[in-house]
Amino acid sequence: MALIGSWGDIVFSVSRKEIKTFDGLKWDSGAKYAAHDRHLKAPLLEFTGTEVETINFTMLFSAFLGVNPMEEVSKLQRALRRGECHRLVIGPKAYGTRWVITKLSSSLERYDNRGNLLAAKVSVTMKSYASR
């Protein structure tokens with residue numbers, strides 16, 4: 001099995017038996033500035049800190065790729081509802097500090113003739129969680 005990375009007990013991996021990975025990872029960062037008006041001069045900007053960083057990615061879960069889509073979607077929903085906070089590790093690198101899931105958007109795409117979920121696509125939004 002090739003371990004790609006993890007966030008807590010959510011593991012990104014590829015093997016002959018199953019594929020659980022992500023696509024389209026996007027990491028957004030920003031800075032905050034205050035503008036101070038000055039008489040007859042251009043406003044003066046003052047750096048006041050950084051914005052909360054955001055990471056977005058999509059995961060595809062499919063019975064045809066060796067995973068139970070409903071189990072994987074439920075695992076992500078539990079982590080969201082519990083407010084779990086973990087490091088996001090991809091390869092040997094930890095991205096940022098710690099992250100929480102702030103939004104999940106699940107497309108439950110394919111079902112069999114008995115109503116069992118066969119494929120789901122989940123868009124995950126995470127925000128950096130700074131400790132005091």
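Q: What makes the charged end of Lys 93 count as sitting over the ring of Tyr 95?
A: A charge sits over a ring if NZ of Lys or CZ of Arg is within 6 Å of the ring centre and within 35 degrees of the ring normal. The charged end of Lys 93 is 5.1 Å from the centre of the Tyr 95 ring, and it sits over that ring. This is a predicted model, where local features need pLDDT of at least 70, side-chain atom pairs count only at pLDDT 80 or more, and totals for chains, interfaces and linings use all residues. Residues are numbered from 1 along each chain as its sequence is written, and side-chain values use heavy atoms, with hydrogens and water left out.

Q: Why is Phe 12 called buried?
A: Buried means under 20% relative accessible area, exposed over 50% and partly exposed in between (1.4 Å probe, protein chains only). Phe 12 has 1% relative accessibility, so it counts as buried.

Q: What makes Phe 12 and Phe 57 an edge-to-face pair?
A: Rings of Phe, Tyr and Trp (its six-membered ring) pair if their centres lie within 6.5 Å; planes under 30 degrees apart are stacked, over 60 edge-to-face and the rest tilted. Here the centres are 6.0 Å apart and the planes make 90 degrees, which fits edge-to-face.

Q: How do you know that strands β1 and β8 pair?
A: Strands (E, at least two residues) and helices (H or I, at least four) are DSSP runs, numbered from the N terminus. Two strands pair if DSSP finds at least two bridges between them. Three bridges join β1 (residues 2–7) to β8 (residues 85–90), and the two run antiparallel. In β8, Val 89 is the bridge partner of Ser 6.
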